[in-house]
Amino acid sequence: MVDAALNYRQSDQTPTEEKTYIYISNSKVIGCIVAESIDKAYRVVANNNQENNITPSISNSITCSKNQPQHAVLGISRIWIWKEVQRQGLATKLLDIVRNTFFFGDKVEKDLIAITQPSSEGYNFAVKYFGRKDFLVYLV
């Protein structure tokens, strides 16, 4: 369901260990994050639209600096929040839970988290959550 809603396609690479976090309210799934262990990611590079505070659309995707890999330990491949409860802080809550529990006994700092190529809503969330436009992205 989440993969279809996000138009997500699994790559042909060897599968990694993933953990899926699900938020349930009133017996309904209203949020989901799929996370995995990674070792490198790339910084988003500002383009003209980002410098002018225009959010990239899916067709005008973000670019990253692939020649300068950065150390990262946690990859977020999918974030899905039911449309009726978006913009209520649920994605932030779920991602904070992932940061605190993915590695037993160790909280992951935001600078070590990367996301896959985001949608325009995902881009806006990432900028707000990470507090910077050059957040980390990784390739799936």
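This passage describes how the side chains and strands of the structure above are arranged, moving from the cores to the charged pairs, the rings and the first hairpin. The model is predicted, and every value below is computed from it.

A good place to start is the inside of the protein. The largest nonpolar core has 27 residues, and those touching the most other members are L74, I76, L95, V98, I115, F130 and F135. Several elements contribute to this core: strands β2 (28-37), β6 (74-81) and β7 (113-115), together with helices α3 (90-101) and α4 (120-130), each supply at least two of its residues. A second core, separate from that one, holds 6 residues, including A41, A72, A114 and Y138.

F135 is a helpful residue to follow by eye. Leaving out residues up to four places away in sequence, F135 touches Y42, R43, V44, I62, I115, P118, Y123, A126, V127 and F130. Two of these contacts, Y123 and F130, return below as ring partners of F135.

The aromatic rings can be read next. A pair of aromatic rings is described by two quantities, the distance of the centres and the angle of the planes. The model contains 5 aromatic pairs. In the pair of Y123 and F135, the ring centres lie 5.7 Å apart and the planes meet at 55°, so this pair is classed as tilted. Y123 belongs to helix α4, while F135 sits in the loop between α4 and β8 (136-137); the two are 12 residues apart, and their pairing links distant parts of the chain. Y123 and F135 are both buried. The rings of F130 and F135 give another arrangement: their centres are 6.2 Å apart and their planes are at 25°, so the pair is stacked, planes under 30 degrees apart being counted in that way. F130, like F135, is buried. Taken together, ring pairs join Y123, F125, Y129, F130 and F135 into a cluster.

Rings also meet charged side chains in this model. K110 lies over the face of Y129, 4.3 Å from the ring centre, and Y129 is itself one of the members of the ring cluster. Elsewhere, the charged end of K19 is placed over the ring of F102, at 4.6 Å from its centre.

Opposite charges come together as well, and the count of salt bridges is 3. One of them joins the side chains of R78 and E18, with 3.0 Å from N to O. R78 is part of strand β6 and E18 is part of strand β1 (residues 18-25), so this salt bridge ties together parts that are 60 residues apart in sequence. R78 counts as buried because its relative accessibility is 6%, under the 20% limit for that class. E18, in contrast, is partly exposed, with a relative accessible area of 34%.

Another salt bridge is formed by D96 and R99, whose closest N and O atoms are 3.5 Å apart. D96 and R99 are both in helix α3 and stand 3 residues apart, so about one helical turn separates them. D96 has a relative accessible area of 26% and is therefore partly exposed, whereas R99 counts as buried at 7% relative accessibility. The salt bridge between R132 and D134 has its closest N and O atoms 2.6 Å apart. Here R132 is partly exposed, with a relative accessible area of 33%, and D134 is partly exposed too, at 27%.

Attention now turns to the start of the sheet. Strands β1 and β2 pair in the antiparallel sense over 8 bridges. They form a hairpin with 2 residues between them, and N26 in the turn has a positive phi of about 50°. Along the paired strands, Y23 stands opposite G31, which is in β2.

A last stop is F103, found in the loop between α3 and β7. With a relative accessibility of 26%, F103 counts as partly exposed. Apart from neighbours within four places in sequence, F103 is in contact with S37, V73 and V108. From F103 to L74 there are 29 residues in sequence and 9.2 Å in space, taken from C-alpha to C-alpha; L74 is among the core residues that touch the most other members of the largest nonpolar core.

Key:
Residues are numbered from 1 along each chain as its sequence is written. This is a predicted model: local features need pLDDT of at least 70, side-chain atom pairs count only at pLDDT 80 or more; totals for chains, interfaces and linings use all residues. Side-chain values use heavy atoms; hydrogens and water are left out. A nonpolar core is a set of buried Ala, Val, Leu, Ile, Met, Phe, Trp, Tyr and Cys residues joined through side-chain atoms within 4.5 Å. Buried means under 20% relative accessible area, exposed over 50%, partly exposed in between (1.4 Å probe, protein chains only). Helices (H or I, at least four residues) and strands (E, at least two) are DSSP runs, numbered from the N terminus. Contact means heavy atoms within 4.5 Å. A salt bridge is a side-chain nitrogen of Lys or Arg within 4 Å of a carboxyl oxygen of Asp or Glu. Rings of Phe, Tyr and Trp (its six-membered ring) pair if their centres lie within 6.5 Å; planes under 30 degrees apart count as stacked, over 60 as edge-to-face and the rest as tilted. A charge sits over a ring if NZ of Lys or CZ of Arg is within 6 Å of the ring centre and within 35 degrees of the ring normal. Two strands pair if DSSP finds at least two bridges between them.
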